[in-house]
Amino acid sequence: MRPVRGFTLVEVLVALGIVAIALLAGTQATSALTRNATRQSDVLLAQICAENELIALRLARGQLPGVGDTDQPCEQAGRMFRVLLGVRPTPNPSFRRIDAQVLEDGVPVLRITTIQGRF
């Protein structure tokens with residue numbers, strides 16, 4: 001009688017378990033990379049919106065912006081964002097603090113703070 005060659009059922013199940021764990025880890029890594037790329041795209045578009053509003057604020061006036069809040073829509077790459085600008089006084093009357101927060105569907109995406117002085 002010849003000895004039987006091959007794998008036992010336990011060996012095959014262990015091998016399948018190892019392959020399944022490796023595939024699951026690869027799937028999770030791919031999913032994390034996809035989420036990160038999407039988030040990076042969102043932040044880039046939001047940064048363009050915020051910087052456009054801050055530049056417009058600097059160019060629109062030859063003096064310091066008035067203290068208060070404004071809400072501006074911004075469309076980038078076919079997506080709608082809202083830019084909330086908050087202008088606050090500083091201890092030095094020659095400067096203003098400007099906070100720009102960008103939201104998409106009410107969810108905060110980005111916040112930028114800068115200081116603007118007199119021209």
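Which residue in β2 is the bridge partner of Asp71? The partner is Leu84. The points below start from that pair and work outwards. Note that this is a predicted model.

1. **The β1-β2 pair.** Strand β1 covers residues 68-76, and strand β2 covers residues 79-89. The two pair in the antiparallel sense, over 9 bridges. Asp71 and Leu84 give one position in the register. Another is Gly68, which stands opposite Val87 in β2. In general, strands of a sheet pair through backbone hydrogen bonds, either parallel or antiparallel.

2. **The turn.** β1 and β2 form a hairpin with 2 residues between the strands. Look at Ala77 here. Its phi is positive, near 55 degrees.

3. **The sheet.** The hairpin strands belong to an open sheet of 4 strands. The order is β1-β2-β3-β4, and the pairing is antiparallel. β1 and β4 (107-117) stand at the edges. Each has a single partner strand, so one side of each is left without a neighbour in the sheet. Neighbouring strands are turned by 20 degrees against each other on average, with direction ignored.

4. **The helix on the sheet.** Helix α1 takes in residues 9-60. It lies across β1, β2, β3 (95-104) and β4. Relative to β4, α1 runs at about 30 degrees.

5. **The disulfide.** How many disulfides does the structure hold? The count is 1. The disulfide joins Cys49 to Cys74, with an S to S distance of 2.1 Å. The angle about the S-S bond is -85 degrees, and the link is left-handed. Cys49 lies in helix α1 and Cys74 in strand β1, so the pair ties together parts that are 25 residues apart in sequence. Both cysteines, Cys49 and Cys74, are buried.

6. **Glu53.** This acidic residue deserves a look in the viewer. Glu53 sits in helix α1. Is Glu53 buried or exposed? Its relative accessibility is 17%, so Glu53 counts as buried, the cut-off being under 20%. Which residues does Glu53 contact, leaving aside its neighbours within four places in sequence? They are Gln72, Pro73, Val83 and Leu85. Gln72 and Pro73 fall within the residue range of β1, and Val83 and Leu85 within that of β2. Glu53 in α1 is thus a place to see the helix meeting the hairpin strands, since α1 lies across both β1 and β2.

How values were computed:
Residues are numbered from 1 along each chain as its sequence is written. This is a predicted model: local features need pLDDT of at least 70, side-chain atom pairs count only at pLDDT 80 or more; totals for chains, interfaces and linings use all residues. Side-chain values use heavy atoms; hydrogens and water are left out. Two strands pair if DSSP finds at least two bridges between them. Buried means under 20% relative accessible area, exposed over 50%, partly exposed in between (1.4 Å probe, protein chains only). Contact means heavy atoms within 4.5 Å. A disulfide is a pair of cysteine sulfur atoms within 2.5 Å. Axes are lines fitted to C-alpha atoms, for helices over the stretch in contact, and angles run from 0 to 180 degrees between N-to-C directions.
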